[in-house]
Structures are given as structure tokens and as C-alpha cells.
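Thanks for coming. I will go through the ligand site and then the cavities.

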Amino acid sequence: MNSLKKHYDVVIVGTGAGGGTLAYALRNAGRSVLMIERGDFIPQESDNWDARAVWGENKYQTKEMWQNRRGKLFRAFQHYHVGGNTKVYGAALPRFRREDFGVLEHKEGISPAWPISYEEMEPYYAQAEKLYHVHGATGEDPTDPPRSAPFPYPALGHEPHIKSFLDKLCLQGIGPVSMPIGIDLRPGGGCLFCGTCEGYPCQVLAKGDADSCCVRPALEDPNVELLPQAFARRFLTDSLGERIVSVEIEHQNESKQIYGDLFVSACGAINSAALFLRSANEKHPDGLANSSGMLGRNFMGHNFTWFVPFHRKRSEQDIFQKTWSINDFYFGGPDWPYPLGNIQSGGKWPIFEQIYPRFARRFLSELSKDRYFIMGTLSEDLPDLENRVVLTSSGQIRVEYRPNNIASHKHLNRLLGQILKRAGYRFFITKNGYMNTVDKVGHQCGTLRFGKDPASSVLDPFCRTHDIENLYVVDASFFPSSGALNPTLTIIAQALRVGKHLQDQLDW
Ligand SMILES: Cc1cc2nc3c(=O)[nH]c(=O)nc-3n(C[C@H](O)[C@H](O)[C@H](O)COP(=O)(O)OP(=O)(O)OC[C@H]3O[C@@H](n4cnc5c(N)ncnc54)[C@H](O)[C@@H]3O)c2cc1C
């Protein structure tokens, strides 16, 4: 970019699923939009697809350290780049179920209603699926919500060993369905179907990520600009604390202020909460827009467990494995009248880099290469006021989280174990990702929840803060509940909905 303007109509902090999509929705509106991003574009380089660089050295993960509730430091599983975490995500883009927008009674509590219905979100889900090139099949899944249009692209189909595994599940009366996946297989699209979506950046920019689908297209509008490598330290308000006047950033070792009319935080659920907490001032002593006391609270991140069954023979030809999902137990299961969640395929990645003991890692990885496939159980964790993001006295992020709704998740794990055994997979390894704060960060949500009542929510139903009229939050923070499905399509759909609202309602 050349030089910064003195003033922008809209300033968006963060370019991930929420921020990148919102910038796209506001392009060509004749208004000046600035995206501020702490990271930069990921270079298209051979390391993008190199398992050692990606999984061994964690090359694209931030080195930033956070604390858990006991004060123990962990390296944040976050990826600060243009496109945010979607640069490395697995591109599984299911819609939430219609019931996820209402109250659901769980074994250990209530999953609260959203202030909008599925029907209000539906048109934006449809747009989101087009924008992120989602492949899927209609009519397979009885839990699917109603849709105004079929998937924009057909389902991907299954690799040979995966197909044979799914056939064995069907014999048990289980109904596996196609997992909606966002990759660019259109005529002329760059996807090589190489199966490296999960965890890897796409070297040919053909994954449906926020960088490729939204940020780059938005920048074709000369009114839209991007300031990379700029860290938003805090928002500054007017003397009454009623409007945001500017955002203070750190860029090229200098502190600068960016002025604008409307400000959007899209830093991800943890970093948006941290930004609001850092922005505390005399009028907002407990953090910006925190008259409800809800800022940073109700942090959620799903309960999940990896399952890794082994084939008898190597399955080199199974390249793209993240193609299926099971929702048979989403709302309950045998002897369990409460929601259990989703079972889904994982991509093909060297999971044993993390599971095997370090001294035997290379040997065991070679031995098991192409003999296993990855799947996971994903269940809802429930909002809890005490599960929260706070800042330490030195300003470090601390994620205070105690797991909940675990009994249902364990029940789902038992069911999957039985299913695998019946299907002839007697040997499988599991890796628990539900007790550990570190593992909650990938699907983080809920820290500035939206709602109609300013006393119990930070954002209104269009993601504007109740307290400050020109401040919005458009990322995973707004979720009042976590659902039991991958969150990103819902974040994208909401960003499109907010973008439409801003275009229609605001006096530009
Ligand atoms: C390995 C992995 C696999 C995943 N797979 C899937 C999947 O298959 N399906 C799915 O639905 N979800 C998946 N997810 C989760 C998904 O990536 C997130 O839900 C989604 O990216 C969240 O969108 P967001 O807009 O809330 O935040 P992000 O996408 O994280 O974007 C936040 C942006 O804000 C920037 N930022 C943060 N703080 C500041 C600051 N102070 N100043 C300036 N910029 C800032 C960040 O650099 C980033 O670009 C996966 C996540 C990981 C890590």
C-alpha cells in the first residue's frame, strides 16, 4: 500500500473468516475500508506442503505464549496471517443445525437460544457456500436444516479405503453423509486434490480460505486497503466514551493512530476480547462495551477426541480423506436422550508427530505411514461465566477454562469405539482434546456473545456493541453457544449478514 489516509469510513481489525469476509461484503460500496492485520501474506513456497515444516516445526503458528487457568504457559495454536486461521483450517464448512439456534437441553446444562433464527441466517449461509466454493450433497442427512438452494458444487466422493470403511458403517445402520468442504475445483480452479487442507496453507491458493476468497478480491476495489504487520493495541473513545475515535496500532516499531467512522474487531474470539480489555479507560473501566460484565466470558471451544484406526494394508491411494461425517447422534443416541454431537473425518496429516514419543517418532511414523486414517468426535461445550479470557498484570492473555458437558462427549466416544470394533477396526489410538485448554483454541468462540438484552450480552443481533454505537465485532466471539459442528461457515455467514446490514442501514 502507498500511504495511510487520515481517516477511513470503516476500519476492520483482523482478516480471518469474519474480518476478511466483511471487507469483501463492503467492497464496491464507494466507501474507504482499511483492514489492519498483525500478520502478513503467507508466501507460496514449498514449505506450505511440507509436513516437517508444518507439523514438525509449526512454521506458520505464532510463537505467542498464553496462560491457562493455572498460570501454565502454552504456545497459542493461532496463525497470524492475512486470512487468519482459515489459512490452515481443514475447510470443513457445515451449516449449524436449525435446532442449534434454539434452546437445547444437554446432560449438563442448557445450550442457550440465539437472538436470530436459522431462517434469518439461511440466505447468508447460501451466499457463504458460494463464496467459499463449498462442495456437498443435499438429501443425505436428516439433521440438515432446510436450504433455499442446493450446494453450489457436488460432494467430493470418497477414496477407496474410506469408501469401504463407510460401507461397513452402513451395514450397522449408521448413515454417514458427505462433509461440506470448501475447495476450488471449479473449471479453471487451482485445486490439485492433494489432501493437504488440514493444517497446511494452500500453495496454489485453491482452498476456500478468507485470504483467497475474500481479502484478495476485496483489494481489487481501490477503496479497500490492507495494512499488514500492524498490531491493534487498543481502541480510543471520545471523552464521553460513546464513540470510538481511533485505533492505536503498532506498525514498523512505531505507535500510530488510525481514525475512522466505524470500527470492527475481527481478531478471533480470544484476541477480540483481549483488545477490548486492553482498551479499558475511565468511561469503560472494566474493558470496552462491558456494561453487561460479559466481556471475555462464556469462552467455548468444543469437546473433541481424535480417533486413529489402522488399516490392515497400506492405503497410499487414499489422498483426500476429509469427505465424510456422521450426525446420527447429534441430538442423542442409544440410552442417551441428550445431544451427543458429530463424528467426522480428519484430513491426512502426520498426527503421530504429536502422539508418538519423541525418541521413536521417526521410526513409528515410517512404520505406520498410509496405514491409518483420522477421524474425530466433536461435542458441544456449554457457556459458563467462569470460562473466560482475562489479561494478566503484564498484559498477557490468560484463558481460564474448565471443561464441561464431558459425560455426553465420553458417551459419544464409547459409541464410536463400539462402531469401529464392529466394523473390524479393533486397533485404534485416541487422543483426547477435551480436557486441555490448549486444544480449545482452534474452535474458540463466545467471548462477546450477541443477544437482544444489553444486560446479558455484549453485542446486539447485528454484532454492534450495545454500549458503543460505532463499534462492531465480526468473528467467532458472537456465538452464544458452540453447536457441535465446525464454526467457520457460521462466522462467514454472519459477516455477510452484518455487511448487508451496514450497507442497508447506515447513513453512509
Ligand atoms: C488447524 C485448524 C484447523 C481448523 N479446521 C477447521 C475446519 O475444518 N472447519 C472450521 O469450520 N473451522 C476450522 N478451524 C477453525 C477456524 O479456523 C476458525 O473458527 C476461524 O478461522 C475463526 O475465524 P475468526 O474470524 O473468528 O478468526 P481468525 O480466522 O482467527 O482471524 C483473526 C484475525 O485477526 C488477526 N488479529 C488478531 N489479533 C489482532 C490484533 N490485535 N491486531 C491485528 N490483527 C489481529 C489474526 O492475525 C487473524 O488474521 C480450524 C482451526 C485450526 C487452527
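Which polar backbone atom is 3.1 Å from an oxygen atom of the ligand? In this predicted model, the backbone atom belongs to His-81. Two further contacts go with that one. A ligand oxygen is 3.4 Å from a polar backbone atom of Pro-487, and a ligand oxygen is 2.8 Å from an N or O atom in the side chain of Thr-488. On its own, the ligand would expose 1000 Å², and the protein buries 97% of that.

Now the shell. It holds 38 residues around the ligand. Thr-488 is also among the closest, along with Gly-18, Glu-37, Asn-85 and Ala-92. By class, the shell comprises 16 nonpolar, 16 polar and six charged residues. Two or more residues each come from helix 1 (17–26), strand 12 (230–237), helix 6 (269–278) and helix 11 (488–505). Strand 12 contributes the most, three residues.

On to the empty space. There are four cavities of 30 Å³ or more. The largest encloses about 140 Å³. Its lining has 19 residues, and Arg-97, Asp-141, Asp-144, Ser-178 and Pro-180 lie nearest the centre. That lining splits into eight nonpolar, four polar and seven charged residues.

The second largest cavity has about 100 Å³ of space. It is lined by 14 residues, and those closest to its centre are Cys-191, Cys-194, Thr-196, Cys-197 and Cys-202. What classes make up this lining? Eleven residues are nonpolar, two polar and one charged.

That is all from me.

Conventions:
Residues are numbered from 1 along each chain as its sequence is written. This is a predicted model: local features need pLDDT of at least 70, side-chain atom pairs count only at pLDDT 80 or more; totals for chains, interfaces and linings use all residues. Side-chain values use heavy atoms; hydrogens and water are left out. A residue is near a molecule or strand if one of its heavy atoms lies within 4 Å of it. A polar contact is a pair of N or O atoms within 3.5 Å; within protein, one must be able to donate a hydrogen and the other to accept it, and residues adjacent in sequence count only if both atoms are side-chain atoms. Accessible areas come from the Shrake-Rupley method with a 1.4 Å probe; for residues, only the protein chains shown count as cover. Helices (H or I, at least four residues) and strands (E, at least two) are DSSP runs, numbered from the N terminus. Ala, Val, Leu, Ile, Met, Phe, Trp, Tyr, Cys and Pro count as nonpolar, Asp, Glu, Lys and Arg as charged, and the others, Gly among them, as polar. On a 1 Å grid over the protein atoms alone, a cavity is a set of points where a 1.4 Å probe fits but cannot get out, and a pocket is an open set with protein on both sides within 12 Å along at least five of seven lines; lining residues have an atom within 4 Å of a point. Grid points are joined across faces, edges and corners, and a volume is the space filled by probe spheres set on the points.
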